[in-house]
Amino acid sequence: MEERAQRMEVLPMGHREQHTKTITQADVANFLTISGDLNPLYLNQVAAQQAGEPGMVVPSALLVGIVSAVMAKMTAHVPPPGGVSYRYALTALKSVLPGETVTATLEVIGKDVLRHEIYFDATCYTANGEKVMTGQTTLKVL
Amino acid sequence: MAEALATGSKGQFTKTVTESDVNLFAGITGDFYDVHVNEEFARKTKFGGRIAHGAYSVGLVSAAVSRWLAGTGATGYPVSYDVKFTGPIKLGDTVTTEVMAEEALGQGRYRLSVNCVNQAGVKILKGETVAQVL
């Protein structure tokens, strides 16, 4: 078997990983700083409430980052040189507010040995079990 | 209320991606995978050194969508991403992200195409995003 295909075997079908994080206001502020995002719904309490949100919301891109942390846990199983995220197809279902605790989970649902790709179902939940993001991701084994 | 944001309207954002951006992203999200934070590991990959997280470039896409919304006078945010990471962002690279409204989906939702290129014109991300106007 090709060496890269062999390294893909460390992540069998059905393998799951998760990452849980309380998303703080500081996380949001730092995220907006590093990404250059000036959206008032993320940084202006009054504007967010006027738009019908309970308050400033967490950027959906930050939730993608929490999914990324689970991709890191998956990729850490793959022997060097490891792998990289190749595709994220993720949809936010509901606003998340700073202070909420989010758990992102990934499960291996498929592989393409010729493309060196592993496919995952992705889901993010809040602490009360509400699904806030869902979709699929792809890892490319290097 | 922006009933019909013009298809073909664009949002753009250019940013030089620094080491501190990547390190902060790792801390904010908890993604400390080696290729992003371990220079010795990263040097032995095909990238030859540390690269930004793919999900970091999703943040740049969000920033470009926010600029598109601000430019049209609308309030909203991206709610969906379908993006492929076609090239690496190396520390110090300058990334230009462009989003363009392709289609009104109804109920304030718009589908936008997304492209990111580095300073050499190499494509580093392509795909789509859906923005919700409130």
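User: What makes β1(B) and strand β3 (residues 94-106) of chain B a pair, and in which sense do they run, parallel or antiparallel?

Analyst: In this predicted model, β1(B) and β3(B) are joined over seven bridges in the antiparallel sense. Two strands count as paired if there are at least two bridges between them, so the seven bridges found here satisfy that condition. Within this pairing, Lys15(B) has Val95(B) in β3(B) as its bridge partner.

User: How do you know which strands are the edge strands of the sheet?

Analyst: The open sheet has ten strands in the order β1(A)-β3(A)-β4(A)-β5(A)-β2(A)-β2(B)-β5(B)-β4(B)-β3(B)-β1(B), with antiparallel pairing. The edge strands are β1 (16-22) of chain A and β1 of chain B, each of which pairs on one side only. From one strand to the next, the twist averages 25°.

User: Where do strands of chain A and chain B pair with each other, and over how many bridges?

Analyst: Strand β2 (residues 83-92) of chain A pairs with β2(B) in the antiparallel sense, and this pairing has five bridges. Since at least two bridges are required, the five bridges between β2(A) and β2(B) are enough for these strands to count as a pair. Ala89(A) stands opposite Asp82(B), a residue of β2(B).

User: Why is the meeting of Arg87(A) and Asp82(B) called a salt bridge?

Analyst: The term requires a side-chain nitrogen of Lys or Arg within 4 Å of a carboxyl oxygen of Asp or Glu. Between the side chains of Arg87(A) and Asp82(B) the N to O distance is 2.7 Å, so this pair fulfils the condition. The count between chain B and chain A is one salt bridge, whereas 20 residue pairs are in polar contact, with both residues at pLDDT 80 or more. On the side of chain B that touches chain A, the elements giving two or more residues are β1 (10-16), α1 (19-29), α4 (54-72) and β2 (76-85) of chain B. The residues of that side comprise 22 nonpolar, eleven polar and seven charged.

User: How many residues does each chain bring to the contact, and what area is buried between them?

Analyst: Chain B brings 40 residues and chain A brings 43 residues to the contact. About 3,300 Å² is buried between the two chains, and carbon and sulfur atoms give 61% of that area. Ile28(B), Tyr33(B) and Tyr77(B) lose the most area on the side of chain B, together 20% of what that side buries.

User: Which strands does helix α2 (residues 25-35) of chain A lie across?

Analyst: Helix α2(A) lies across β1 of chain A together with β1 of chain B, and runs at about 90° to β1(B).

Technical notes:
Residues numbered from 1 in each chain as written. Chains lettered and ligands numbered in written order. Predicted model: local features only at pLDDT ≥ 70, side-chain atom pairs only at ≥ 80, totals over all residues. Heavy atoms only, no water. Contact = heavy atoms within 4.5 Å. Buried area = accessible area lost by both parts, 1.4 Å probe. Polar contact = N/O pair within 3.5 Å; in protein donor to acceptor, adjacent residues only side chain to side chain. Helix = DSSP H or I, 4+ residues; strand = E, 2+ residues; numbered from the N terminus. Nonpolar A, V, L, I, M, F, W, Y, C, P; charged D, E, K, R; others polar. Axes fitted to C-alpha atoms, helices over the stretch in contact; angles between N-to-C directions.
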